[in-house]
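Colleague: I am new to this model and would like to read it region by region. Could we go through it together, with the terms explained as they come up?

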Amino acid sequence: MSADPQKCAVCCHPGGMNLTRRAFRLAGIAPGGRLLDVGCGDGLTVDYAQSLALTAVGIDERAEKLPYGGGEFDAVVMECVLSVLENKNLALSEVFRVTAQGGRLIISDVYAKDDRAEYPSLEQYKNLLAVAGFRADVLETHDDALVNYCLEQGETPDRALGYFLAVAHKTTPLAEFERTVILEAGCADLRELQAAQLRGTIRRAQKTRFYGAIPLIAGVNPDTLTRENYIEILRSLPVTLPSGVTGRANDFLAIPPSEVARVVTARTSGTTGSAKRVFFDESDIARCVRFFDYGMRGIAKRRCFVAFPCETTGSVGDVLSRALRNIGVEPVPYGLIRDPQAALAALNASGADSVVGIPYQVRAMAAFGDAPSVQSVLLSSDSVPESLADFIKNRWNCRAFEHYGMAEICYGGAVDCADGSGMHIRENDLLIEITDESGAPLPDGTPGNIVITSLNGEAMPFLRYKTGDTGTILPGKCPCGCGFRRLAVQGRARAAEVAGAVVRLSELDEIVYKNEKIAAYSAAVRGDRLVLSVYPAVLWTTGDSDELADEICGSIAGLARDKTEIAAGNSYGAVNSSVKRAFGGD
């Protein structure tokens, strides 16, 4: 017979107050700190905490929806509680929410020594903590405490069960990702890691027909790169233009064609020009899955609506779904949104707490109604205008996060941390520069061209690849604790000329996406005219078209009113026929 964890919580727990006192000593909670006891039972732990000059409160229910504000407690205690909860991930995500940054989590509970399903194993507990954003500083087994407790209750101890004590601290998923990849590489810090990986990238690039034919690259001795000079050597290399890749994908291939696991056809960012092919091998995909795994930990909790193609192995939806399953989140594969009203109905029927999708497609859904179960949205694969993100946040009363990526880097590039303080670059796999038009570096905080070097691209390495996007590196350290630099993307670098006026897609986005009547739109240059096709969510009149045209011309210097035309489309597909929005033309 085994001890009932619910009974443990009511009438103390294995190890009693002796184990509680040990846990408090190990946690080192400073006097005056705020403590929450989840599953407080008779309140002995709360009383003990108060005797240590802590401000302590207890709650004996609602562990999966705690009635407290974010970061309200310096420490949380869960004694004989987690093992009996149906949704352990959700409960720990709530504990994470109410715990202050760097705060402590004390857990003592029953664990399974074998594969029996009714209790988690120690490894499963450790994984639950890691997924929730806690790193265990102490993990001790106290199996004798469980045996003694059972005997005291007149029960026969089950030797297949044990009892453990864990003291963990709140980290953030991306901070933990940074720490883990540097430690796994056996490096002292990120600079040492990047220098080592850039040596490998240059070696692979020199084997390709494209880079091997460039003297400035072919002549580099990778062994001369050190943590002190690798950035300087990289900046001495020429920039790779997207036009150089179009039609020449095989010239960039660094592995035998038989080892290619996925081929993606992508268009140059911000244009409807010629498409290019990009190759990945299995290791490229595995690294992206891992980045998505950590990136989604602060965003998805239980079920995630994936508005990307998921059917093909190695597609962005498939890679994301793998990462979600790794962290115990159920993916709800939907695919690209062709009908926003139907997609909204499917979202609400799924009960998903998070959505991942293309910015303008998710906004189109939001234009048609509420999504009560959605708590967070990740916007990816295109630029995210501030007005678009604000619309979604206000309409759905949710948080909006941003991800920056592209096919050339196997999807994952940078993602917002849980604090929402900027997109942390995947710096273990990528080196991002912000440059002027000549390729010279710009200081942090100064907008310029986003230029990317893949540090781990096995199939198709890129050196100083000019993405066509503009952005800046945010100065300073992020409050989340992750040391990876943060990227802010301003939008597409491409613009169109309309009768002498320069019109940028990013400018149009900010204007159009503020309009609550519009679900989606597209822009094209027809001769000497700017033509916008809008797909309205509600009744659209000629007066609405005139008002929008007036606002656009009033905001974009030199754009003449008689050169601007607004037309209402009769279907969503008519104004959105591609994944990446871009200027159309004749």
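**Reading the model**

Colleague: What is the relative accessible area of Asp436?

Modeller: This is a predicted model in which residues are numbered from 1 along each chain as its sequence is written, and side-chain values use heavy atoms, without hydrogens and water. Local features need pLDDT of at least 70 and side-chain atom pairs pLDDT 80 or more, while totals for chains, interfaces and linings use all residues. Asp436 counts as partly exposed, a class between buried (under 20% relative accessible area) and exposed (over 50%; 1.4 Å probe, protein chains only), because its relative accessible area is 29%.

Colleague: Which residues does Asp436 touch, leaving out those up to four places away in sequence?

Modeller: Asp436 sits in the loop between strands β16 (430–435) and β17 (448–454), where helices (H or I, at least four residues) and strands (E, at least two) are DSSP runs numbered from the N terminus. The C-alpha atom of Asp436 is separated by 45 Å from that of Asp137, which is 299 residues away along the chain. Counting contact as heavy atoms within 4.5 Å, the residues that Asp436 touches beyond that sequence limit are Leu442 and Asn449.

Colleague: Is Thr172 buried or exposed?

Modeller: Thr172 belongs to the loop between β6 (161–170) and α7 (173–184). Apart from residues up to four places away in sequence, Thr172 touches Gln101, Gly133 and Cys480. Because the relative accessibility of Thr172 is 3%, the residue counts as buried.

Colleague: Why is helix α4 described as largely enclosed by the rest of the structure, and which elements do its buried residues pack against?

Modeller: Helix α4 covers residues 88–98, and eight of its 11 residues are buried, so the rest of the structure largely encloses this helix. Among the buried residues of α4 are Leu92, Phe96 and, with charged side chains left in the list, Lys88 and Glu94. The elements that the buried residues of α4 pack against are β1 (34–38), β3 (73–79), β4 (99–112), α5 (122–132), β5 (134–141) and β6.

Colleague: At roughly what angle do the axes of α4 and α5 cross?

Modeller: The meeting involves Lys88, Asn89, Leu92 and Phe96 in α4 with Leu128, Leu129, Val131 and Ala132 in α5. The two helices are oblique to each other, a class for angles that are not roughly parallel (under 35 degrees), antiparallel (over 145) or perpendicular (65 to 115). The axes, lines fitted to C-alpha atoms over the stretch in contact, with angles of 0 to 180 degrees between N-to-C directions, come within 9 Å and cross at roughly 50°.

Colleague: How far apart are the axes of α2 and α3?

Modeller: Helix α2 (residues 16–27) and helix α3 (residues 44–51) are oblique to each other. Their contact is made by Met17, Thr20, Arg21 and Phe24 of α2 together with Leu44, Thr45, Tyr48 and Ala49 of α3. The packing angle is about 45°, and the axes are apart by 11 Å.

Colleague: What average pLDDT does the chain have?

Modeller: pLDDT, the predictor's confidence in each residue on a scale from 0 to 100, stays under 50 over residues 1–11, for which the model has 37 contacts beyond four places in sequence. Residues 268–272 are also below 50, and this stretch has 17 contacts beyond near neighbours in sequence. Across the chain, 93% of the residues score at least 70, and the average pLDDT is 89.
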